[in-house]
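Got a new model open and not sure how to read its features? Let's walk through a few of them together.

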Amino acid sequence: MQYTAVASEILAGVGGKSNINSVIHCATRLRFKLKDTSRADAQTLKQNPGVIMVVESGGQFQVVIGNHVSEVYQELLQQAGLSDGDENERQPSRQKEGLLSRCIDIISGIFTPLLGIMAASGILKGFLALSVVCGWLQPGSGSYMILFAASDSLFYFFPLVLGYTAGKKFGGNPFITTAIGGALVHPLMLAAFNAAGQPGAAIVYFLGIPVTFINYTSSVIPIILAAWVSCRLEKGFNRVLHSSIKNFFTPLLCLAITVPATFLLIGPLATWLSHLLATGFEIIYSAAPPVAGGVLAGIWQICVIFGLHWGLVPLMINNLSVLGYDAMLPLLLPAVMGQVGATLGVFLRTRDAKMKVLAGSAFTAGIFGITEPAIYGVTLPSKKPFIFGCIGGAIGGVIVGYSQTHVYSFGLVSIFSFAQIIPTTGIDASVWGAIIGTLTALVFAAIGTFFFGLPAQITAPEIENLPQTSSITEDHNGLGEVIFSPISGELQALTHVGDTIFASGLLGAGIAIIPQHGRVVAPVNGVVASLFKTHHAIGIESDAGTEILIHVGIDTVKLEGQYFTAHVSVGERVNVGDLLLEFDYEAIINAGYDLTTPIIISNSEDYQDVLYAKGTSITEQAPLLTVIR
């Protein structure tokens with residue numbers, strides 16, 4: 001049920017189904033292609049407890065969800081009436097995109113659905129290499145052959161799989177483009193390729209045109225170009241053919257034209273381009289491996305934030321296909337582990353229980369390659385930890401680049417990547433270089449963050465004795481702004497709230513109150529910044545710029561506004577004590593809902609510290625929080 005509510009609010013936040021061209025998801029985020037981004041409400045989405053962050057980059061409106069993104073994605077598809085990967089082109093996009101944005105959108109759309117299985121296949125290949133080096137398995141054994149087939153099948157038949165996802169992305173019939181990919185790796189074509197390499201082999205012709213046979217297994221670029229051509233043809237044929245025959249004549253013509261064109265022209269041209277890209281990267285990398293490593297590892301996480309990293313993924317896979325190895329992916333190990341180290345530094349340094357819980361879970365996720373919780377929840381909001389993570393990554397990247405480490409299978413950059421960098425000849429200096437570089441990045445970022453990455457903790461007087469005459473009253477030491485209690489009730493630490501999003505501190509620092517009655521008053525002098533349509537939550541921005549979110553109850557969004565009454569509207573000015581909301585206390589309790597109400601400082605990253613009221617209970621309009629500038 002929690003995914004139903006989150007999906008519903010996200011769908012509304014992106015402007016509804018009519019504003020969606022397409023939506024896909026990766027490991028932690030929903031990636032929307034919107035017709036008009038001005039219709040989306042990024043600020044409201046950022047305040048949603050189920051949303052970690054909203055990022056607009058690469059022509060995509062990205063909503064960071066976390067590890068349960070697939071559940072939210074499926075629920076959103078159901079509510080929007082879309083199928084997995086559907087393009088909703090009822091009206092053209094109003095957004096003008098640059099070439100880079102279009103390329104990144106195409107690449108991410110093709111490769112994102114395969115991210116999980118690519119990572120799994122790469123990890124399994126790495127463990128097989130480790131098993132052979134350690135003598136646990138023999139390459140000729142049945143166990144090895146079965147596991148190798150499981151790990152290699154995706155990449156061997158890449159043209160089929162990419163044919164399907166590329167067909168979807170280009171708006172065509174994905175089964176037609178899958179069939180084209182199947183033709184590229186058909187046993188008959190592979191046999192012709194092997195025969196063509198024999199001395200005295202006869203030249204094969206297609207309608208009098210000589211055919212150049214190429215091994216397309218594990219290839220990337222040929223099938224993407226072929227799928228684009230097929231989808232263009234498909235749209236043209238569907239426009240001109242009668243509806244009674246186009247269902248089978250369009251696929252027939254697409255196959256009959258695209259497959260020969262691929263073997264005769266598209267494939268050789270794409271293969272030449274693949275080798276050109278691989279050779280170009282090798283030339284650049286070999287010129288100064290340490291410099292290449294330092295630069296790539298230093299900026300990688302910045303590229304991840306803006307979604308620009310997708311532009312490099314096909315190059316890594318292409319290197320593996322053409323060269324049999326890739327030197328780019330190992331350079332990312334220090335970049336990832338640098339942020340992990342910075343998160344560890346926050347975990348060890350902070351005395352804030354909420355941040356410690358968040359940093360601990362983000363550290364664990366980061367080790368296994370998921371860095372979004374660490375970046376958006378821990379390091380980036382505090383700024384300095386993120387910088388130390390990037391610097392640590394750059395230093396480690398220099399070491400890995402100097403060691404000229406290669407990876408021999410594609411996968412998500414994680415602790416498992418160490419198994420993927422082991423060559424068939426056994427563990428050598430390149431492997432040890434990757435380990436040393438990665439550990440250097442992690443340790444540097446952790447130490448730098450621990451000693452210099454977080455603001456010094458301020459010891460302040462208890463705020464119970466502060467004056468209550470104004471919401472921007474400073475305490476008697478001039479420390480900061482006082483936030484008064486909007487509700488009377490029992491105080492509770494945010495970490496004890498029965499909602500992991502609030503308890504983890506992802507939405508900001510704050511405190512919770514278990515109400516004694518059904519009314520909420522203004523905690524500051526300011527303006528109503530947001531009001532949820534269900535009236536269960538309201539945002540206030542004080543005259544001093546503090547952003548306060550008051551969320552009445554846990555999961556009360558499911559009541560869809562029942563039992564809640566709003567007495568203000570967005571943009572209205574309020575003063576301390578003005579009535580904001582009323583709710584039927586007894587009815588909500590009887591409906592089985594927890595009325596624990598978090599009061600969050602949404603922009604707490606803008607402040608040095610947030611101090612809390614002492615005691616176990618509080619009365620309406622008593623000092624509740626103090627934000628330290």
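What follows is a short dialogue on a predicted model, covering its sheet, cysteines, salt bridges and surface.

Q: Let's start with the sheet. What is the order of the strands in the open sheet of eight strands?

A: Read the order from one edge to the other: E15-E11-E12-E13-E17-E9-E8-E19, with antiparallel pairing. The ends of that list are where an open sheet stops. Here strand E15 (573–574) and strand E19 (617–618) are the edges, and each has a single partner strand, so one side of each has no neighbour in the sheet.

Q: How many bridges join strand E11 to E15?

A: Two, and the strands run antiparallel. E11 covers residues 526–531. For a concrete pair to click on, take Gly526, whose bridge partner in E15 is Val574.

Q: E15 has a charged residue too. Which side chain meets that of Arg573 in a salt bridge?

A: Look for a short N to O distance between side chains. Asp543 is the partner, at 2.7 Å. Arg573 sits in strand E15, while Asp543 is in the loop between strand E12 (537–542) and strand E13 (547–551), so the contact ties together parts that are 30 residues apart in sequence. As for accessibility, Arg573 is partly exposed at 46%, and Asp543 is also partly exposed, at 43%.

Q: How many salt bridges does the count come to?

A: Four. Among them is the one between Lys125 and Asp152, again with 2.7 Å from N to O. That pair links distant parts of the chain: Lys125 belongs to helix H5 (residues 115–133), Asp152 to helix H6 (residues 142–156), and they're 27 residues apart.

Q: Are Lys125 and Asp152 buried or exposed?

A: Check each partner on its own, as a charged side chain needn't be assumed to sit outside. In this case Lys125 is buried, and Asp152 is too.

Q: And how far apart are the closest N and O atoms of Lys558 and Asp555?

A: They're 3.9 Å apart, and the pair is a salt bridge. The cut-off is 4 Å, so this distance still falls within it. Lys558 is partly exposed, with a relative accessible area of 30%, and Asp555 is partly exposed with 32%.

Q: Now the cysteines. How many disulfides does the count come to?

A: Zero. The thing to check is the sulfur-to-sulfur distance. For Cys231, the closest cysteine sulfur is in Cys254, 7.9 Å away, which is too far for a bond. Seen from the other end, Cys254 is in no disulfide, and its nearest cysteine sulfur is that of Cys231. Accessibility is a separate matter: Cys231 is buried at 2%, and Cys254 is buried at 0%.

Q: What about greasy bits on the outside? Which residues make the nonpolar surface patch?

A: Leu269, Trp272, Leu273, Leu276 and Leu277 make it, with an area of about 480 Å². Pick out Trp272 to get oriented: this residue lies in helix H11 (residues 246–287). Trp272 has a relative accessible area of 53% and is exposed; that's because the exposed class starts over 50%.

Q: One last helix, then. Which residues in helix H13 are buried?

A: List the buried positions, then look at how the helix finishes. H13 spans residues 313–323, and its buried residues include Val313, Pro314, Met316, Ile317, Asn318, Asn319 and Leu320. Just after H13 comes Gly324, with a positive phi of about 90°.

Key. Residues numbered from 1 in each chain as written. Predicted model: local features only at pLDDT ≥ 70, side-chain atom pairs only at ≥ 80, totals over all residues. Heavy atoms only, no water. Pairing = 2+ DSSP bridges. Helix = DSSP H or I, 4+ residues; strand = E, 2+ residues; numbered from the N terminus. Disulfide = S-S within 2.5 Å. Buried < 20%, exposed > 50% of the residue type's maximum accessible area, 1.4 Å probe, protein only. Patch = residues over 30% accessible without salt bridge, like charges linked within 9 Å, V, L, I, M, F, W, Y side chains within 5 Å. Areas by Shrake-Rupley, 256 points an atom, 1.4 Å probe, with all protein chains shown as cover.
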